Amino acid sequence: MRILKLLFSLLLTGAVVWLLQTTHKIGDSSLPPLGAFFNPFSGFWKNAEPAKGFLFHNAKLKGLSGSVEVVYDDMLVPHIFAENMADAVRVQGYVTAQHRLWQMDISTRKSAGRLSEILGERTLQIDRMARRRGMVFAAENAVLSWSKSAEGMRLLQAYTEGVNAYVEGLSAAEYPIEFKLLNYKPEPWSVLKTALLVEAMAETLAAGENDLASTNALALFGRDTFNYLYPEWNPKQQAIVPDTGQWRDWQVTLPPVAAPEPSGLLSGISEGAKFKFSLDERTDPYDDYIVGSNNWAVAGSNTASGHPLLCNDPHLNLTLPSIWFQLQIHTPEQNCYGVSLQGLPGMIIGFNEEVAWGVTNVGHDVSDWYKIAWVDNERTQYKLDAETREVQKRVETIKIKGKEPFLDTVRYTVWGPVVYDYEPTHPLRDCALRWLTHDQPSRDEMNTFLFLNAGKNYDDYRRALAAYDCPAQNFVFATRSGDIAITVQGRFPVRAPQQGRFVQDGSRWSNAWLDYIPTERVPAMKNPARGFVYSANQHSTPPTYPYYYLSNDFDDYRGRRIFDRLSSMRAATLDSMKTMQLDNFSQRAADALPVMLRMLDRSKLGAEGLKMADELAAWNYRYDANATAPPLYEVWFDSCYLRTWDEITSLRAEKKQVLMPERWRFIELLEKDPNSIFFDHLTTPQRETAHDIVHQSFALMQQYFKENPDKRTGWGAFRGFAIKHLALIDAFSRLDVVVGGHSSAPNAIKQGNGPSWRMIVELGERVRGLGVYPGGQSGNPGSRYYDNMVDTWAKGEYNNLLFLKSADEPSSQILGRQVFLP
């Protein structure tokens, strides 16, 4: 009996040991070995930080030429004081990894197509698409180019070695909690990973195109109706750089490329589905949100202090940890404060003792699809003019946790990779992707922001930008001496009208990008008489710009509101800049709602309908968190929009990509062409007009709120908002934030997207900065500095940015110090 009890005890002990040491799969997810995770000496308990904050440890750092002191303020912002830039960025790499290591790892794994190594087969298609779109190929080309700049590579290597010094010193107990949850180890950083981070930004900001959807729309409607529905210039828009005659005498020759004739070849739309509309007959599920930002600079002539003011609030996906990391770098050559991206040396947005700068996304189309003329069924050869070309095959090996690696062969043509040839029914199966980010960038591209960090004047600003290629950005700039400027900087193909708007013929080299806009001719403006420069992702120029065809989607509302406010503003202050960044006014609602209300026949609305109409009529077009009119308007407007385009939405419901007309064009048709054939429903015997659509949609709006009385709330609760952890772990997310804002307002907040860093800089005798982002400096969910700025951001408040002159400058905001020695 004793032997049986002993055997049972041994078996039970073995089972418990196995349970605690083994990864357990639950559905599509898995649990880490529970013994290691709950181990009080090395498990998640070790990730808790003291209630008073971070513990500061001095360290020796190989490669330093001298000591470096890091002063931390009460927001956990590191202020790095070094004797040279190489030492500064080496410590920047170490300090960034110290606070954001897992974020650095997971961000580059996504762009490298390596998520499946840690998450298993469920992320295989994500990894496969990253590889097939050429993300790693692009990063490798970037490193090849950067390697030609000795100084640039020296600083990149110093940053990399700083990250790796921190990684090498970690014990398993010190791994960030996400490594423990996902049961894997940190790995060394590399310059290639920095390039992958750059490519991830290019994918977010410079991959936009509507080639297939536009080609389908052209095939569906024909040329005249396509031009009627999809004009590219909004006449109400204010361009970033207006026409002041500066390019009147330029001699420009555009390539002779003709836009395609209507064809169903690539559309996937049958002939029977075509609609015979023409101009002679005239008697978000589909969200048009632009990934973008706001920035502006106001000259001293328009400010109360007489000093320039510069503002920037880039709109990006809001996550925890935050995309940004605040820091200051002080060397004998520079003293700069701003926000960095984890994995890149220097600061992307910021200011120093002489200048300030900020960025918004340009959004020009630098991503085209070309239909390949294959010579053989195996797709190994293709036609290009009179030649037969061989594809280059790149075998991508994707490692999968718990399974054999997946091998994927990607064909590369002269245009780029054939992305979808593994999907037999994909309409782009025989097309190759031409994407600017695949090209080798300027050798000095990585120096752009480092040069800006150390800039002293306008000439330094222009020299810094000359090497910057992609993703194109609107760089706003101001100096303490009084200059303000903006430059639409990037590498832009010279295009024929409509070139790149549709899928192109890949058998003709004449369809290629044969030239690029010279750097000295990209749109730019310095010290305009109006006293301000600005951008909000609108068109870079009006159509009179000789290289005008810079196609893609552009914002039509935020820029107009900002222009109106800056045009009427005198004696601007820091407070008036805050009110602009926090402005919830929607120009789109101000354009559309009066037109819609005029079309309502109030005698047909009933008591509840009249009450709703009156509430809408009294609305000030502001998407404030507690306002109850915005939900009414949103449901009504969206219903009008979607019911108008039933010809398109029915096809999109069948998974066919067809371009939706822009909302500004829809509002224009409501107002100026209410009898357009497109307001008619094909399934009804009578012919509807805009008035009918407006009434039907109002009734649907009433019905919606009758069936969903809990939705009759303020805008913030109706829309919903969350700042999610990068691994979508709710316990590490902020799901309790209620805010106003709207994608068409300067305070462009969506459900998980919005102002990721609000910064205001006054360039006075001593430069002063205000800033906040919705997160915290620490990437550790167990730290008080993980999300301590979220509530500040949500309330529309700002932090005074501690801009130190020296490491020993006294301040009540100083939290602690960290010293690095060679």
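How are H3 and H7 oriented to each other? They are oblique, a class for angles outside the roughly parallel (under 35 degrees), roughly antiparallel (over 145) and roughly perpendicular (65 to 115) ranges. This is a predicted model: local features need pLDDT of at least 70, side-chain atom pairs count only at pLDDT 80 or more, and totals for chains, interfaces and linings use all residues. Residues are numbered from 1 along each chain as its sequence is written, and side-chain values use heavy atoms, without hydrogens and water. Helices (H or I, at least four residues) and strands (E, at least two) are DSSP runs, numbered from the N terminus.

**Helix pair H3 and H7**
- The axes of H3 (residues 85–112) and H7 (residues 150–168) come within 7 Å and cross at roughly 45°.
- Axes are lines fitted to C-alpha atoms over the stretch in contact, with angles from 0 to 180 degrees between N-to-C directions.
- Contact (heavy atoms within 4.5 Å) involves residues including Tyr94 and Leu101 in H3, and Leu155 and Tyr159 in H7.

**Helix H20**
- Of the 10 residues in H20 (residues 663–672), 8 are buried, meaning under 20% relative accessible area with a 1.4 Å probe, protein chains only.
- Among them are Trp664, Phe666 and Leu669.
- The buried residues pack against H11 (223–229), H16 (587–599), H18 (629–644) and H21 (690–707).

**Open sheet**
- The order is S18-S13-S21, with mixed pairing; strands pair if DSSP finds at least two bridges between them.
- S18 (431–435) and S21 (504–505) are the edge strands.
- S13 (residues 367–371) pairs with S18 in the antiparallel sense over 5 bridges.
- Asp368 stands opposite Arg434 in S18.

Key. Buried < 20%, exposed > 50% of the residue type's maximum accessible area, 1.4 Å probe, protein only.
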